[in-house]
Amino acid sequence: GVINTLLFIKFTPVYVATECGGQTAELERLSMGETISVGLKIQITCFNPNAYQVTIGTSKPGRVWVGQDRTTSIGDLELLQGSTLPAKGS
């Protein structure tokens, strides 16, 4: 009935992609020797247009690649576990 229609309207479409931008970076660690090691903290602001909260439950590091063909790996990227995007918010 009416409740089902309201729920359908609220949650349709089921998922809309989040929009991210406004990146800032902070150098946390730098060491040089035979190799160069850099630790960066990158903060990105995202907007969640969905009617429900999105939570990062677990995060496995992913490789970071550079170059036109993405053939050179330069490190790992990991999301902060427990990060959330509130419903209809950032």
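**A tour of the predicted model, starting at Asn48**

Select Asn48 and display its surroundings: leaving out residues up to four places away in sequence, Asn48 touches Thr18, Gln53, Val54, Leu85, Pro86, Ala87, Lys88 and Gly89. The model in the viewer is a predicted one, and Asn48 sits in the loop between β2 and β3, the latter spanning 54-55. Is Asn48 buried or exposed? Its relative accessible area is 0%, and Asn48 is therefore buried, since that class takes in values under 20%.

Zoom out next to the whole protein chain, and colour it by element. One helix and six strands are present, and from the N terminus onward they follow the order α-β-β-β-β-β-β. The radius of gyration is 19 Å, well over the 12 Å that the globule rule gives for 90 residues, so the protein chain is more spread out than a compact globule. Aligned on the principal axes, the box filled by the C-alpha atoms is roughly 70 × 30 × 25 Å. Buried residues account for 9% of the 90 residues, while the area that the protein chain exposes is about 7,600 Å², with carbon and sulfur atoms supplying 57% of it. If contacts are listed for residues at least 6 apart in sequence, 51% of them join residues at least 24 apart.

Before going further into detail, switch the colouring to pLDDT. The average over the protein chain is 86, and 100% of the residues score at least 70. Confidence is lowest in helix α1, residues 2-10, where the mean is 84, and highest in β1, where the mean is 90.

Now select Leu27, Leu30, Met32, Ile36, Val38, Leu40, Ile42 and Ile44 together and show their surface, for these residues make up a nonpolar surface patch of about 830 Å². The elements that give two or more residues to this patch are β1 (19-32) and β2 (36-47). Which of the elements gives the most to the nonpolar patch? That element is β2, with five residues. Within the selection, pick out Ile44, which is placed in strand β2; its relative accessibility is 44%, and Ile44 therefore counts as partly exposed.

From the patch, move to Ser31, which is found in strand β1. Ser31 counts as partly exposed because its relative accessibility is 36%. Once neighbours within four places in sequence are set aside, the residues in contact with Ser31 are Ile36 and Ser37, and of these Ile36 also belongs to the nonpolar patch. A distance label drawn from Ser31 to Leu77, C-alpha to C-alpha, should read 18 Å, for a pair that is 46 residues apart in sequence.

The last stop concerns charged side chains, so select Arg63 and Asp76 and show their side-chain atoms. The side chains of these residues meet in a salt bridge, with 2.6 Å from N to O, and the count of salt bridges comes to one. Why does the pair tie together parts that are apart in sequence? Arg63 belongs to strand β4 (residues 62-66) and Asp76 to strand β5 (residues 72-77), so the pair ties together parts that are 13 residues apart in sequence. As a final check, colour Arg63 by accessibility: the relative value is 47%, and Arg63 therefore counts as partly exposed.

Technical notes:
Residues numbered from 1 in each chain as written. Predicted model: local features only at pLDDT ≥ 70, side-chain atom pairs only at ≥ 80, totals over all residues. Heavy atoms only, no water. Patch = residues over 30% accessible without salt bridge, like charges linked within 9 Å, V, L, I, M, F, W, Y side chains within 5 Å. Areas by Shrake-Rupley, 256 points an atom, 1.4 Å probe, with all protein chains shown as cover. Salt bridge = Lys/Arg side-chain N within 4 Å of Asp/Glu carboxyl O. Helix = DSSP H or I, 4+ residues; strand = E, 2+ residues; numbered from the N terminus. Buried < 20%, exposed > 50% of the residue type's maximum accessible area, 1.4 Å probe, protein only. pLDDT = per-residue confidence, 0-100. Rg over C-alpha atoms; globule rule 2.2 N^0.38 Å. Contact = heavy atoms within 4.5 Å.
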